[in-house]
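Student: Could you pick one part of this model and take me through it closely? After that, I'd like to follow the chain outwards to some other contacts.

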Amino acid sequence: MAGRIGIIGGGPAGLMAAEAAAFTGAKVTVFEAMPTVGRKLLMAGKSGLNITHGEDHASFVSRYGATAARLGTALNSFDGQAVRDWCAGLGIETFVGSSGRVFPKAMKASPLLRAWLSRLAERGVEIRVRHRWVGFDGAALMFETPEGRRSETFDAVVLALGGASWPRLGSDAAWLPWLDDEGIAVAPFRPANCGFEVAWSPYFIERFAGAPIKAVVATSDAGSTPGEFVVTRHGVEGSLIYAHSAALRDRIEAGGQAELLLDLVPGRSAKRLVEDLKRQKAKDSFGNRLRKGAGLDGVKVALLRELVPDANVLPVEELAARIKALPLPLLRMRPIAEAISSAGGVEWTSVDEDFMLRGRPGMFVAGEMLDWEAPTGGYLLTACLGTGKQAGIAAAHYAANIGS
Ligand SMILES: Cc1cc2nc3c(=O)[nH]c(=O)nc-3n(C[C@H](O)[C@H](O)[C@H](O)COP(=O)(O)OP(=O)(O)OC[C@H]3O[C@@H](n4cnc5c(N)ncnc54)[C@H](O)[C@@H]3O)c2cc1C
């Protein structure tokens with residue numbers, strides 16, 4: 001007989017766990033602390049919902065680094081193509097952008113979430129919002145609800161409470177000590193896909209905060225990546241910074257000096273750059289020589305002057321070398337509340353192959369609250385959906401087999 005499943009957390013991982021469990025015929029209830037579900041998913045859709053990536057499976061899985069092996073089954077059964085098929089099943093057409101990233105045609109998350117919630121309702125999934133899980137009461141789970149404290153028991157539970165970034169959207173990691181008290185190993189949360197602070201001068205902030213720096217190549221311990229980033233009042237952020245953020249964070253946390261080496265003119269060799277700069281008229285301003293000779297726009301010229309104050313008096317060879325490898329020193333990560341995602345969470349030693357807590361049989365974990373990290377590019381949502389699906393199916397099997 002199908003059992004009663006409680007899903008705690010109504011983000012992508014929890015909703016997918018609910019869908020997968022309901023598909024087996026289980027009676028599924030989702031408990032969500034906030035007044036509505038999927039707030040981070042909707043926020044992700046604000047700048048274009050990058051739901052998965054179109055690259056081949058081996059490259060795709062490699063983006064999860066050391067945790068690829070543990071996420072493997074979830075990603076094998078729910079990879080990029082499966083995410084696209086699932087979207088299509090909800091009536092959401094997707095396309096592969098030039099970088100290989102996959103987006104819904106409408107770019108936003110709201111049509112997808114609407115279609116998903118009506119599918120869940122059709123399958124009998126009940127969603128109780130404003131129900132905040134507040135810890136254990138023996139075998140039961142305690143909730144704060146508009147009607148006061150309630151205790152609930154289930155045949156199986158999936159915890160899908162998210163990570164620790166953007167806590168105002170619901171995932172505030174308040175659960176961490178409750179699991180810790182149960183003897184479940186949880187790694188502290190750290191910012192992932194985050195911005196970094198730079199000691200900009202007041203003039204640079206005033207003039208360039210918000211400006212994009214386009215078409216550069218950045219190099220760190222993570223390798224060399226082309227892309228763009230944004231200057232902020234505090235430092236730098238954007239996709240190119242996120243691509244290096246895990247390596248830079250690890251360096252800072254190890255007490256080392258973190259810096260990105262920027263190539264401001266990736267299409268031009270150092271030799272050609274020297275020749276192009278030498279051809280410029282000496283009477284032209286420094287900015288004009290860089291614009292005409294190196295093709296640098298205003299913000300790149302200002303960045304060069306900000307980081308190399310004596311750039312205008314350097315010999316041409318040295319100037320060209322700086323333009324090709326400009327060190328950008330990074331002071332520290334921006335706070336986790338601003339990060340796109342978080343590293344840390346329930347450790348792999350605490351769960352079995354189906355993400356069931358070894359210390360609490362019948363309780364499964366999915367999504368960003370598990371200890372893995374990945375770059376932006378649709379990898380975050382894909383793993384949340386994949387682990388949610390696997391945990392939901394496993395929870396339904398567990399519930400169905402209780403007592404048999
Ligand atoms: C600005 C931004 C843009 C992003 N863009 C992308 C993107 O384009 N592509 C991509 O792949 N990823 C993106 N991400 C990351 C992605 O949104 C997350 O990785 C994903 O939402 C995590 O899913 P989840 O279900 O694990 O957790 P969440 O989405 O955080 O959901 C967890 C849910 O649990 C609820 N909850 C927490 N505690 C309790 C409790 N005690 N009781 C009951 N409910 C609780 C929360 O309210 C929340 O609804 C973005 C993130 C941000 C912040």
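**A hairpin and beyond**

Tutor: Happily, let's start with β13 and β14, which form a hairpin with two residues between them. Helices (H or I, at least four residues) and strands (E, at least two) are DSSP runs, numbered from the N terminus, and two strands pair if DSSP finds at least two bridges between them. Please keep in mind that this is a predicted model, in which local features need pLDDT of at least 70 and side-chain atom pairs count only at pLDDT 80 or more, while totals for chains, interfaces and linings use all residues. Residues are numbered from 1 along each chain as its sequence is written, and side-chain values use heavy atoms, with hydrogens and water left out.

Back at the hairpin, β13 covers residues 212–220 and β14 residues 223–231, and seven bridges join these antiparallel strands. If you want one spot to find on screen, Ile-213 stands opposite Phe-229 in β14. Strand β13 also pairs with β16 (residues 258–263), in the antiparallel sense and over three bridges. There, Ala-218 has Leu-262 of β16 as its bridge partner.

Further strands are worth a visit. β11 (residues 186–192) runs antiparallel to β18 (residues 341–346), joined by five bridges, and Pro-191 stands opposite Ser-342 in β18. Strand β11 is mostly covered, with five of its seven residues buried; buried means under 20% relative accessible area, exposed over 50%, and partly exposed in between (1.4 Å probe, protein chains only).

Next comes an open sheet of three strands in the order β7-β8-β9, with antiparallel pairing. Its edges are β7 (132–137) and β9 (148–152); each has a single partner strand, so one side of each is left without a neighbour in the sheet. Direction ignored, neighbouring strands here are turned by 30 degrees against each other on average; axes are lines fitted to C-alpha atoms, for helices over the stretch in contact, and angles run from 0 to 180 degrees between N-to-C directions. Strand β8 (residues 140–145) pairs with β9 over five antiparallel bridges, and Glu-144 stands opposite Arg-149 in β9.

Aromatic rings give us another route through the fold, with 15 aromatic pairs in the structure. Rings of Phe, Tyr and Trp (its six-membered ring) pair if their centres lie within 6.5 Å; planes under 30 degrees apart count as stacked, over 60 as edge-to-face and the rest as tilted. Tyr-64 and Tyr-379 form an edge-to-face pair, with 6.2 Å centre to centre and 90 degrees between the planes. This pair links distant parts of the chain: Tyr-64 sits in the loop between α3 (57–62) and α4 (68–77), and Tyr-379 in helix α14 (residues 379–401), 315 residues apart. Both Tyr-64 and Tyr-379 are buried. Trp-133 and Trp-178 are also edge-to-face, at 5.1 Å centre to centre and 80 degrees between the planes. Trp-133 lies in strand β7 and Trp-178 in helix α7 (residues 176–181), so this pair ties together parts 45 residues apart in sequence. Trp-133 is buried, at a relative accessible area of 5%, whereas Trp-178 is partly exposed, at 23%. One aromatic cluster consists of Phe-60, Tyr-64, Trp-372 and Tyr-379.

Let's finish at a helix pair. The axes of α1 (residues 12–23) and α6 (residues 110–122) come within 10 Å and cross at roughly 35 degrees. Pro-12, Leu-15, Met-16, Ala-18 and Glu-19 of α1 meet Leu-113, Trp-116, Leu-117, Arg-119 and Leu-120 of α6, where contact means heavy atoms within 4.5 Å. The residues of this contact divide into eight nonpolar, no polar and two charged; Ala, Val, Leu, Ile, Met, Phe, Trp, Tyr, Cys and Pro count as nonpolar, Asp, Glu, Lys and Arg as charged, and the others, Gly among them, as polar. Glu-19 counts as buried, at 8% relative accessibility. Leaving aside neighbours within four places in sequence, Glu-19 is in contact with Trp-86, Trp-116, Arg-119, Leu-120 and Arg-123.
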